[in-house]
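I opened this model to look up a few things in turn and to note each one as I went. The entries below follow the order in which I looked.

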Amino acid sequence: MKKKWVLIGLLLVFLFTFPLYSTNYLLHIGIITLMFAFASQAWNIISGYSGQFSFGHAAFFGVGAYTSTVLLVEYNVNPWIGMFIGAIIAAAIAFVLGFLTFRYKLKGAYFSLTTLAFAEILRVFVKNTDFFRKTMGIMIPLDINPFWYQFQTRVGYYYTILILTIIITVIVYLISRSRLGFNLIAIRENEDAAQSLGVRTFKNKMIAITLSGGLTAFAGTFYAQYLLFVKPETVFASDISVSILMPAIVGGVGTVAGPIVGSFIVTPLGELTSQMFSNLAGTNLIAYGVIIIIIILFMPEGVVGRYHDWVNRRKKGNKETQEQKESVTS
Amino acid sequence: MSLWLFIQSLIDGLLMGGIYSIMAIGLTLIFGVMGIINFAQGALMMLGMYVTYWAFTLAGIDPYLSLPLSAIALFILGALIQKGVLERVMDAPDHNILLITFGIMMIIENTALVLFSPDFRSITVPWLSETIKMGDYVVSKPKLIAFFISMSVALLLYWFLQKSYLGKAIRGTANNKIGAALVGIKSKRINYITFGLGAAIAAIAGSLMTPIISISPSIGHTFILKTFVVVVLGGLGNVLGAFVGGLIIGVSEALAGAAFSGTLNELVIYVIFVLILIFRPKGIFGGGS
Amino acid sequence: MKRLSLLLFALFFALILAACGESKDNFRETDSQQDEATEETSGSEQVDVIKIGSLHPLTGPQASEGQEMRDAIQLAIDEVNENGGIKSLGGAKVELIDSDSENNPEKGIAEVQTMANAGVVGIIGPYTTAVALAATQEAERIGVPFIVDVGSADAITERGFKYTFRIQPPASKFPEAFLKYVPQLNEEYGVELKTVINAHEDSDFGTGMANVLKENAAAAGLEVLDTLPHPFDTADLSSDVNKIKAQNPDIVSATTYLNDGQLLVETLIGANVKPKAIIGMASGAFSNAKFIREQTDINQYIMDVNYAMNPNSELTEEVKKKYEEKYNKGLGPNAAISYTAAKVLLDAIERAGSTDRDKIREAIAETRLTDHILAQEEIVFDETGQNVNAQPVVNQIIDGRSYVVMPEPYKERDAVYPLP
Amino acid sequence: MTLLKLEHVTKRFAGLVAVNDVSFSVDKGEIVGIIGPNGAGKTTLFHTISGYHVADEGVIEYKRKNIRGLKPEIICEHGIARTFQIVQPFGNLTLLENVIVGAFNRHKKYSEAKAVAMEMLEFVGMKKRADVRMKDLTFPEQKKVELARALATEPELLFLDEIMSGLNPTEVQEMIEIIKEIRDRGITIMFIEHLMAAVMSLSERIIVMHHGEVLAIGKPEEVKENPAVIEAYLGGAV
């Protein structure tokens, strides 16, 4: 137990001091890594804990990006506030999506494909709506001022997303030890059994998807403020959905540390392959695909899942040897 | 909308629907039997296109004659993918399998990019280039052929699954793995065959598309999402459903395209999709083949 | 298995650190970055290799164009190297660092960083607007000159950036040119083609031009009957073509990429739709070398209002020939723009006589390049960084070749207008 | 005091009548066994009362409130818990976590739920292995944990569906003791069981079902001598 906290402490020290010895490039990679760790952590709530696998979290990401941007550009609303409004709207959309799907007990592939379609609906809607400037996208005017969510250097963005990621991780940790968390896992593991124990499955799933959607929007707002440009093709793309779910799966679905560990593998891995295989375009993506497949083949429960398994087995082993000793001595 | 526009759109929609259908049939077969949502289906189709393209360009083989060639080639590749990779994760959670097929898609697409270059390529087949004209209405020859082949594949596959021994074994595996194993069906081999068949059908779709559009390594993206819609519409795992689903999507897309401005017709497809999922979650024709 | 996971983890970090540790980079941005660049090079000008960067989509649906453009830059570099390198720097050789944007803005930023760390003195790219906006902003922060070869949104050069330059005309110039040239064509050839339907790919590239065309058509005496967007990777345009057929316009205008442009023409012909003119606006198909050469049974007399190479220049012919010999494909206008961008950058390095990014930036700003292959006057940048003389011309495909048909002095031959 | 009352409850599946016009009542503190040949509708009856099936006809009253048509989770909140004929574990969770899910039914705080869960694990004799994953247990062990999990919801009425099947004689004896102790804690119990010795020794009353209908209700001795019951069992055996 203590060892765990020491590790977390060390990690936090590393993350907080990272800008001191990092290059600008590494800081950018760190920011993107944390951003997807954040989004993946949000995804984890509905998909990891309650097992409802969403393939369309780009919907909420995009809503976060667009809401804060439109509010800023059209109505001069501060993005720090716009961020929360975006989250509320995304949560509302998630609520509707959840209501439609869970009400009719959609599960598995059907749920995944519905979320995918939902993200597509939003993308097509935005790109056909004059109010959102169609496919032209919206640029955020440069106005460097932390009060307006714009920082002189990358360090500001880094600490913003770092703190957001820590907050969401704490939230997920608290959920994982709460009634809600246990209910969600119970739903994932065995819905019938969960019901027999008084778990209100519909209500819990609704809470999970609403929370998950709303939180994902924060990452969207951050993305928009970081790049100062949003476009339906970039923020509602299915690529974004994949980038959101990949860290959690690689790291370990339904674990608190999974999405973070996963993102620290997946995102740098993409960079690494593209640097190592830069001579021939495409080879980098082949390498990336191969490595992702290998990771999933050999660690189907994700890196953190593997680790837990290993710890469990070691514990069990220790206990057994202890018991043997005891039986010998007695 | 004038009557002419309506009828012409209907024709175009039906023909395009035939193409969506054949894409969807392969996908639905794989899902129905193995429960895999195969993201690499579009990439497999792309490979089928290249087989036909090269056969035509290098050896002058007519695209419809190279159809068996691409089907066989992709059948083998599909079976190998199943044996080499997917077999190891058949019991893993759905999301793992999904990501694996996603990885396979990346590998196939970018290998094609490295081998064939990203250039758009197209073939011109003289006897196909004339359209059939009936008064004011026009019908594209390669699309018409694709439509009929697609329908034949759907019927053949349906017949195969219902009547042949192997087909029954495949259905048996789909319904009950353990039960099938008890009566001596080797589910591993059935899975090779199923994924191979799915890939072969994707290849047929690709070959049929080659005279119609330009091909490039990333062409699969154009179809994959729409194909998912079709598959769900027809009921995951339902072959005839996938065929009819394809027609429905083709027609609604064309009619919506005629009726609305912009690209809102895409919206129509997804809205139909979500409505179907909500009110008839097993597809219009119920699940299972 | 746990060992494997830990190993992988450690490996990634180690390699990333190694990859980035090679070149030093400071973490405080903007001002200090430039100081360092100055320090690095101000001591002596003994340089062996000068690196320039290329940022284009080399994978994914836009890879075809992206690789064509990257190749053109390589050609320009090879030419300089074969002619003794950068003379003002003692014959230093130029090296291309090429990178794949994957058409993804955050990837674009990372690549700009990587290239800057690798020590490039300037970057050329990136083909699409979303990447252009993000990448130029990053280049601005670091202080590395970024020459946008293709990247159409007007906004790219409207943000007051010092380090951003653009060769191609901004998007709004194309519909403006269309509205200027079509009435001229009407007058010159004695016809009245007034109604237009505009089919365009639906990203900012096509949509932006469609909007300008629609707003200003009436003033030019033209009428836009309908505007038909489609996704660039569409597999079917029969809906759009049916609408065109139903409304029977004089002119079909089109802003497309390659495959959708070709599909549009094929579908028009298949549906027996015969407008009196088909005129592209910056069409990726109608100015594509391969389309022009190979699709002769469908492309006869198609026009395109687009940036183009200067057909009456020997230099152009020479470059075209070299490109084709080297890469076994034709040099299209996009690649020509990239080639020119490389020439501008190389010329600036030569004049700056330094690898200092600021000095090179200044040299680019002072560019006066007359010896180039584009159909425009000398290349000069205004204070926003826009190549002011960049202008679209009217091309027409006749018998498998594209000719400039308007305006003087680039005109090669008379247009066939309207379609016979 | 009547705790549960069924009146003319009928449940059909596509023409097949699984539960036919069943009426009975259970008093607080009773132990009632349900027996009957395979396919008699026992499990369907449990499912119908606990909300997994909705009865087509009839009234199901619990503490004088109609609970017909309520969802399983609501019925659990009302105070009815159950185990399953085929165990339904949360395989990837530890025993403790499995039981905590149940304990959260009445307790909102993690620490409280954990304490209750520990107590229940101790009660069924599985405390030692609290940190083991459920899927690593043997079948009889899983049954015990499932019982602890159901008890952790703090029910007043407990349904046990063939909880002794697959247990060896020692384990059966243990289980009988556990069930008696549960009854002593004031929890009313209804259980389906094939093991006649266990049924006879535990039950205060027995309900015999056959072809979806109630064949007989009564004290063990009465039921044992009921000619219709003998007939049904012999008939079923042939």
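Before the first entry I fixed a cut-off: I call a residue buried when its relative accessible area is under 20% and exposed when that area is over 50%. I also keep in mind throughout that this is a predicted model.

**Entry on Thr157(C).** Is Thr157(C) buried or exposed? I found a relative accessibility of 8% for Thr157(C), which is under the 20% cut-off, and therefore I count Thr157(C) as buried. I located Thr157(C) in a loop of chain C, the one that runs between strand E4 (146-148) and strand E5 (164-166). When I set aside the neighbours within four places in sequence, the residues in contact with Thr157(C) were Arg166(C), Thr384(C), Gly385(C) and Gln386(C).

**Entry on Arg70(C).** I next turned to Arg70(C), which sits in helix H3 (residues 63-82) of chain C. Arg70(C) has 14% relative accessibility, and because this is under 20% I enter Arg70(C) as buried too. Which residue's side chain does the side chain of Arg70(C) join in a polar contact of 2.7 Å? I found that the partner is Asp98(C). With neighbours up to four places away in sequence left out, I listed Ser54(C), His56(C), Leu58(C), Leu96(C) and Asp98(C) as the contacts of Arg70(C).

**Entry on the nonpolar cores.** I then looked up the largest nonpolar core and found that it has 299 residues, with Phe223(B), Leu147(D), Leu158(D) and Met164(D) making the most contacts inside it. Helix H2 (residues 24-49) of chain A gives the largest share of this core, namely 17 residues. Another core, of 76 residues, lies apart from it, and I noted Ile124(C), Leu185(C), Ala336(C) and Ala415(C) among its members. As background, I recall that nonpolar side chains tend to be buried together in soluble globular proteins. For Leu147(D), not counting residues up to four places away in sequence, I recorded contacts that include Val124(D), Leu158(D), Leu160(D), Ile163(D) and Met175(D).

**Entry on the two domains of chain D.** The domain assignment splits chain D into domain 1 (2-79 + 155-234) and domain 2 (89-154), and I found the centres of domain 1 and domain 2 of chain D to be 24 Å apart, taken over C-alpha atoms. To their contact, domain 1 of chain D brings 22 residues and domain 2 of chain D brings 15 residues. I noted that about 1,400 Å² is buried between these two domains of chain D, with carbon and sulfur atoms giving 67% of that area. Which three residues supply 33% of the area that domain 1 of chain D buries against domain 2 of chain D? I found Pro155(D), Ile178(D) and Arg185(D), which supply more than any other three residues.

I counted one salt bridge between domain 1 and domain 2 of chain D. Glu174(D) and Lys144(D) meet through their side chains in a salt bridge of 3.1 Å, N to O. I also entered four residue pairs in polar contact across this interface of chain D. On the side of domain 1 of chain D that touches domain 2 of chain D, H6(D) gives the most, with six residues.

**Entry on the chains.** Four pairs of chains touch, and the most contacts among them are between chains A and C. I found that chains B and D do not touch, their nearest C-alpha atoms being 13 Å apart, and that chains C and D do not touch either, with 19 Å between their nearest C-alpha atoms.

Methods:
Residues are numbered from 1 along each chain as its sequence is written. Chains are lettered from A and ligands numbered from 1 in the order in which they are written. This is a predicted model: local features need pLDDT of at least 70, side-chain atom pairs count only at pLDDT 80 or more; totals for chains, interfaces and linings use all residues. Side-chain values use heavy atoms; hydrogens and water are left out. Helices (H or I, at least four residues) and strands (E, at least two) are DSSP runs, numbered from the N terminus. Buried means under 20% relative accessible area, exposed over 50%, partly exposed in between (1.4 Å probe, protein chains only). A polar contact is a pair of N or O atoms within 3.5 Å; within protein, one must be able to donate a hydrogen and the other to accept it, and residues adjacent in sequence count only if both atoms are side-chain atoms. Contact means heavy atoms within 4.5 Å. A nonpolar core is a set of buried Ala, Val, Leu, Ile, Met, Phe, Trp, Tyr and Cys residues joined through side-chain atoms within 4.5 Å. Domain bounds come from an automatic or database domain assignment. Buried area is the accessible area (1.4 Å probe) that two parts lose on being put together, summed over both. A salt bridge is a side-chain nitrogen of Lys or Arg within 4 Å of a carboxyl oxygen of Asp or Glu.
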